[in-house]
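Biologist: I would like a close look at a single loop in this model and at what lies on either side of it. Please go on from there to the other parts of the chain that deserve a look.

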Amino acid sequence: MEKIKIGWVGLGNMGIPMARNLINKGFPVCVYNRTKEKEKELLNLGASAADSLQQLSQISDIIITMVSDDAAVEEIYNSNTGLLTDPSANILMIDMSTVGVQTSKKLAMNCNNKSVHFLEAKVSGSVKPAEEGKLLIMAGGEIADYQKAQPVLETLGNPIFYLGDVGKASAAKLCINYFLALTLEGLAETVLFAQKLDINTKDMLKVINESGCASGITKIKAEPILKNDFAPAFALKHITKDLRLAQKEGLAFPLFPPLLASFQDASQTGYGEKDVMSIISFLDETVSDKRF
Ligand code: NAP
């Protein structure tokens with residue numbers, strides 16, 4: 001059976017390992033990234049490169065977009081050199097970027113107007129699960145499109161949840177990232193509090209991670225905290241964007257305003273390009289002394 005031809009847009013921290021998994025699985029993958037330099041690694045693995053988004057939309061069966069934010073997605077799909085300029089018949093486009101619920105619904109409508117099938121497939125999990133093909137995937141759209149995408153999605157992640165119409169997966173993604181932000185802020189504050197009480201950080205992280213408060217994220221972030229190494233797996237600017245998107249959807253619980261302010265302030269004071277866990281350095285430098 002002929003392999004599904006994949007067009008891949010967006011080779012950032014997540015896009016590179018995800019596209020690599022598809023290549024390794026034997027899918028023919030054609031990549032397009034704004035910064036061409038980042039295409040090299042995948043070209044060396046056997047991918048081809050498209051000169052333009054239009055070209056990509058004419059040679060692919062399925063296009064996956066994995067880019068920064070709503071503005072990037074808007075440009076890639078809707079600009080006059082974008083994916084929807086002159087797409088081939090029956091093509092399926094899947095957006096895996098974290099964007100707002102309304103943006104996903106608008107994309108679905110724009111695709112629909114061009115007779116393009118559209119699926120949202122949002123991911124939870126960072127670079128390591130992406131490398132291992134173990135991202136948690138939340139999908140929304142027509143069930144037939146979901147079924148067509150399954151062999152591709154199964155290469156990128158597990159488990160996969162089909163949540164219903166377009167918009168549902170984007171909404172669920174904003175919910176889980178609210179929980180993620182609460183957890184990161186909580187972990188950072190707890191470790192800093194423990195330091196103030198003169199508890200060895202390594203010991204405290206062991207206590208946390210052997211306790212009922214442990215989670216995948218508290219375990220993954222223990223080493224970066226100990227090494228003070230916040231090279232971006234998930235850039236802090238992106239979770240700040242996700243909190244703003246959640247705010248747009250009406251999130252207003254008591255912890256939300258200070259949580260948003262914390263990540264927003266960190267983003268604006270030089271932590272945006274660092275990993276989300278660098279919130280601990282921001283709090284350490286700017287807040288903790290004032291609160292004890
Ligand atoms: P990233 O490393 O910042 O990469 C962003 C990608 O988007 C790059 O390829 C960038 O191109 C491209 N891009 C940005 N603006 C563009 C534009 N206007 N036109 C064309 N391309 C544009 O981001 P990431 O960490 O891979 O995350 C990608 C998405 O997944 C985000 O929505 C993020 O919130 C979400 N997400 C991330 C994680 C994670 O742990 N990292 C986990 C779950 C979900 P250039 O290379 O040219 O800059």
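**A loop residue and its surroundings**

Modeller: Asn90 sits in the loop that runs between helix 4 and strand 5. The model is a predicted one, and in it Asn90 has a positive phi of about 70 degrees, although Asn90 is not a glycine. In general, most residues other than glycine have a negative phi. Asn90 has 10 other C-beta atoms within 10 Å, and because the cut-off for exposed is 12 or fewer, Asn90 is exposed.

On one side of this loop is helix 4, residues 70–78, where Asp70, Val73, Ile76 and Tyr77 are buried. Viewed down the axis of helix 4, these buried residues fall within an arc of 135 degrees, so they line one face of the helix. Their cover includes strand 5 (92–95), on the other side of the loop, together with strand 1 (6–9), helix 3 (53–59), strand 4 (62–65) and helix 5 (101–113).

Helix 5 leads to another loop, between helix 5 and strand 6 (117–124), and Ser115 is found there. Ser115 is not a glycine either, yet has a positive phi of about 60 degrees. Ser115 counts as exposed, because 10 C-beta neighbours lie inside 10 Å.

The backbone has one more point to check, at Asn158 and Pro159, which are joined by a cis peptide bond with omega of about 5 degrees. Pro159 belongs to strand 8, residues 157–162.

As for the chain as a whole, the domain assignment gives domain 1 as 6–165 and domain 2 as 171–291. The C-alpha centres of the two domains are 28 Å apart. Eleven residues from domain 1 and twelve residues from domain 2 take part in the contact. On the side of domain 1 that touches domain 2, four residues are nonpolar, five polar and two charged.

Further along, helix 8 (residues 168–196) packs with helix 13 (residues 256–271) at an angle of about 75 degrees, their axes 11 Å apart. That angle makes helix 8 roughly perpendicular to helix 13. Helix 8 contributes Ala181, Leu182 and Glu185 to the contact, and helix 13 contributes Leu259, Ser262 and Phe263. By class, four of these residues are nonpolar, one is polar and one is charged.

Ala261 is also in helix 13. Ala261 counts as exposed, because 11 C-beta neighbours lie inside 10 Å. Ala261 and Tyr178 are 83 residues apart in sequence, with 13 Å between them in space, C-alpha to C-alpha.

Methods:
Residues numbered from 1 in each chain as written. Predicted model: local features only at pLDDT ≥ 70, side-chain atom pairs only at ≥ 80, totals over all residues. Axes fitted to C-alpha atoms, helices over the stretch in contact; angles between N-to-C directions. Helix = DSSP H or I, 4+ residues; strand = E, 2+ residues; numbered from the N terminus. Parallel < 35°, antiparallel > 145°, perpendicular 65-115°, else oblique. Contact = placed C-beta atoms within 7 Å. Nonpolar A, V, L, I, M, F, W, Y, C, P; charged D, E, K, R; others polar. Buried ≥ 20, exposed ≤ 12 C-beta atoms within 10 Å, placed from the backbone. Arc of directions from axis to C-beta. Domains from an automatic or database assignment.
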